[in-house]
2 protein chains.
Amino acid sequence: MPRQRGWWKRRLRGRGCRLTVPRQAILELLSKSSEHLSAEDIYFKVKKIYPAIGLTTVYRTLELLVNMGVVSKFDFGDGRARYELAANSEDEENHHHHLICTSCGKVINYTDFVNQEKELIEKTENKLATKYNFEINNHQIQFYGICPNCKK
Amino acid sequence: MPRQRGWWKRRLRGRGCRLTVPRQAILELLSKSSEHLSAEDIYFKVKKIYPAIGLTTVYRTLELLVNMGVVSKFDFGDGRARYELAANSEDEENHHHHLICTSCGKVINYTDFVNQEKELIEKTENKLATKYNFEINNHQIQFYGICPNCKK
DNA sequence: TTTGCTATTGAAAATCATTTTCATAAACAT
DNA sequence: ATGTTTATGAAAATGATTTTCAATAGCAAA
């Protein structure tokens, strides 16, 4: 089932964080976007509905949300971080991995095959957790290559 | 079988690149190190045996080696890139994935379970290549969590 | 509702890894 | 040995992200 609008309010408050307009605007945007956005992307998009927003606040909010596990941060190798709403257990729809073109930087989210990966990932996660005594709470899988356009 | 000393000479020359002292010093260092080093780490280590080295040259050489596929570049989320000698087909010993502590930044190379992953990775790689018409030539798998020290 | 405390904000300045510029030096083909 | 490039290193430039700091806005309590 998809997440309800405003589900993050409790989570923020639970952490003793305030429910501010900029934070809500950023979360609202992220939950509508299916793309991996840079901080600047988010800044400009939020600016359209809340012009007073500052880039600093975007960075700060993203850091907070990443720490809360609400947002995932990625590096696709072009020198700027990308952010997306994290998948959660109630809403698996959003879980995907990335396919990145090292020539033009294009990124494809693929959800195919993720189920087959899932079992192995879980096993590995458990084994690693035991062997290295880590508390594992996330993973990333990325494939790098050349996209159809750049092959031409 | 381990790679022979100086194996990179042909590869550089084959690309029309010159075999310079700084490049050799950097490669020599990388082939001795089992760790994931930042550009600055490499700079200081090489400086001990070749004091004239410049940080700029380190960056340039690393970029070249990454493009050649000799070195792999990683991002562990602390704002600086890490480099290690890439695994190659003759020498599988070096193939591993990463387990990263999001609290202190500690990184563990794990080679366990990589064989089991391998089959799945190859399958996925083929399927993705077909479906998205990508020419895939690399992948990264990273687990994130809290290390034993930071759990305390 | 009003008040007061404190977290949050935005602008500007600071930071820090990485790149670019440019004049000099070192490879290496001849 | 020589000449042509490619490669180098220092310094300056870049660009994403952080920090600083005074002003603002959430929200708990009255």
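Visitor: Hi! Which strand has a phosphate oxygen 2.4 Å from a polar side-chain atom of Tyr59(A)?

Guide: That is DNA strand D. This is a predicted model, where local features need pLDDT of at least 70, side-chain atom pairs count only at pLDDT 80 or more, and totals for chains, interfaces and linings use all residues. Residues are numbered from 1 along each chain as its sequence is written, chains are lettered from A and ligands numbered from 1 in the order in which they are written, and side-chain values use heavy atoms, with hydrogens and water left out.

Visitor: Cool. How many residues surround DNA strand D?

Guide: There are 22, and the closest are Tyr59(A), Arg18(B), Thr20(B), Thr57(B) and Arg60(B). A residue is near a strand if one of its heavy atoms lies within 4 Å of it. Of the atoms of DNA strand D that come within 4 Å of the protein, 63% belong to sugar and phosphate.

Visitor: And what does the side chain of Arg18(A) approach?

Guide: An N or O atom in that side chain is 2.9 Å from a base nitrogen of DNA strand D. For Arg23(B), the partner is a phosphate oxygen of DNA strand D, 3.0 Å away.

Visitor: New topic: is His97(A) buried or exposed?

Guide: His97(A) is buried, with a relative accessible area of 3% (buried means under 20%, exposed over 50%, partly exposed in between, using a 1.4 Å probe and protein chains only).

Visitor: Which side chain does His97(A) make a polar contact with?

Guide: The side chain of His139(A), at 3.3 Å. A polar contact is a pair of N or O atoms within 3.5 Å; within protein, one must be able to donate a hydrogen and the other to accept it, and residues adjacent in sequence count only if both atoms are side-chain atoms.

Visitor: What about chains A and B, how much area is buried between them?

Guide: About 3600 Å², with carbon and sulfur atoms giving 66% of it. Buried area is the accessible area (1.4 Å probe) that two parts lose on being put together, summed over both. In chain A, Phe134(A), Phe143(A) and Tyr144(A) lose the most area to chain B, together 19% of what that side buries.

Visitor: How many salt bridges are there between chain A and chain B?

Guide: Zero! A salt bridge is a side-chain nitrogen of Lys or Arg within 4 Å of a carboxyl oxygen of Asp or Glu. There are, however, 10 residue pairs in polar contact between chain A and chain B, both at pLDDT 80 or more.
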